[in-house]
Amino acid sequence: MEEKTLKKGERYYKAGKVLWVVKQGDTLLSKVLGTYLYYVELNLSTGENRCTCPLGGDCKHVAATLKAYENGFYFEALEKHAELYPEAVAMEMLASVPELALDVTLKELRFAMSTDESGSEVARLFRRALKLVGITKRAEALHVLEEVLDEYRHIFSDYELSLKLEDELRELEAGL
């Protein structure tokens, strides 16, 4: 991989764009925020890699995944199905670390606000974030949810779902 690509990948990693990395054997599987969400596969033994970005591999998303791994930001997967369902494995691992799960969910939520044309993914992630705030009691995360909800109401002003999400947020705030 070119030095320029490795440097871009390092910037992506430092900017928190690598949401998760799952290591199964010699393979890394990851989810990286870019223009869109991209999924990466990287064989540590051979260096062979693939990405769902337009380049298809040898890209900043692969480099960011490698940098995350080198910095210890990964989950070791023992399950054989990790290659088929790496996100399920990552979510299971994140469930055991709710603070990290909340951080990842808030990153995805902010990203989804700029890409989700239907509002469905934003609502799903918003509700996951509500549950995680309830578990972690991290009241400081509520300001992010307020910002997302304001933007959601602005974009999807005719959605009844906006009102339901607001009610769910107010209920959580009252319980903290």
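**Exercise 1.** Leaving aside its neighbours within four places in sequence, with which residues is Asp116 in contact?

*Solution.* In this predicted model, begin by placing the residue: Asp116 sits in the loop between α4 (98-115) and α5 (120-136). Once the neighbours within four places in sequence are set aside, the contacts of Asp116 are Glu121, Val122 and Phe156.

**Exercise 2.** Determine whether buried Asp116 has a salt bridge, and describe the polar surroundings of its side chain.

*Solution.* Asp116 is buried, and the nearest side chain of opposite charge, that of Arg124, is 8.4 Å away. A salt bridge requires a distance within 4 Å, and Asp116 therefore has none. Turn next to the polar partners: the side chain of Asp116 makes a polar contact of 3.2 Å with the side chain of Ser118, and a polar atom of the Asp116 side chain lies 3.1 Å from the backbone nitrogen of Ser120.

**Exercise 3.** Classify the aromatic pair formed by Tyr152 and Phe156, and state whether each residue is buried or exposed.

*Solution.* The ring centres of Tyr152 and Phe156 are 4.8 Å apart, with 45 degrees between the planes, and the pair is tilted. Tyr152 has a relative accessible area of 1% and is buried, while Phe156, at 6% relative accessibility, also counts as buried. Ring pairs link these two residues and Tyr159 into a cluster.

**Exercise 4.** Give the strand order of the open sheet and identify its edges.

*Solution.* The five strands follow the order β4-β3-β2-β1-β5, with mixed pairing. The edge strands, each paired on one side only, are β4 (49-51) and β5 (75-76). Strand β3 (residues 37-43) runs antiparallel to β4 and is joined to that strand by three bridges; Val40 has Cys51 in β4 as its bridge partner.

Terms used: Residues numbered from 1 in each chain as written. Predicted model: local features only at pLDDT ≥ 70, side-chain atom pairs only at ≥ 80, totals over all residues. Heavy atoms only, no water. Helix = DSSP H or I, 4+ residues; strand = E, 2+ residues; numbered from the N terminus. Buried < 20%, exposed > 50% of the residue type's maximum accessible area, 1.4 Å probe, protein only. Lys, Arg positive; Asp, Glu negative; His and termini not counted. Polar contact = N/O pair within 3.5 Å; in protein donor to acceptor, adjacent residues only side chain to side chain. Contact = heavy atoms within 4.5 Å. Pairing = 2+ DSSP bridges. Phe/Tyr/Trp six-rings, centres within 6.5 Å; stacked < 30°, edge-to-face > 60°.
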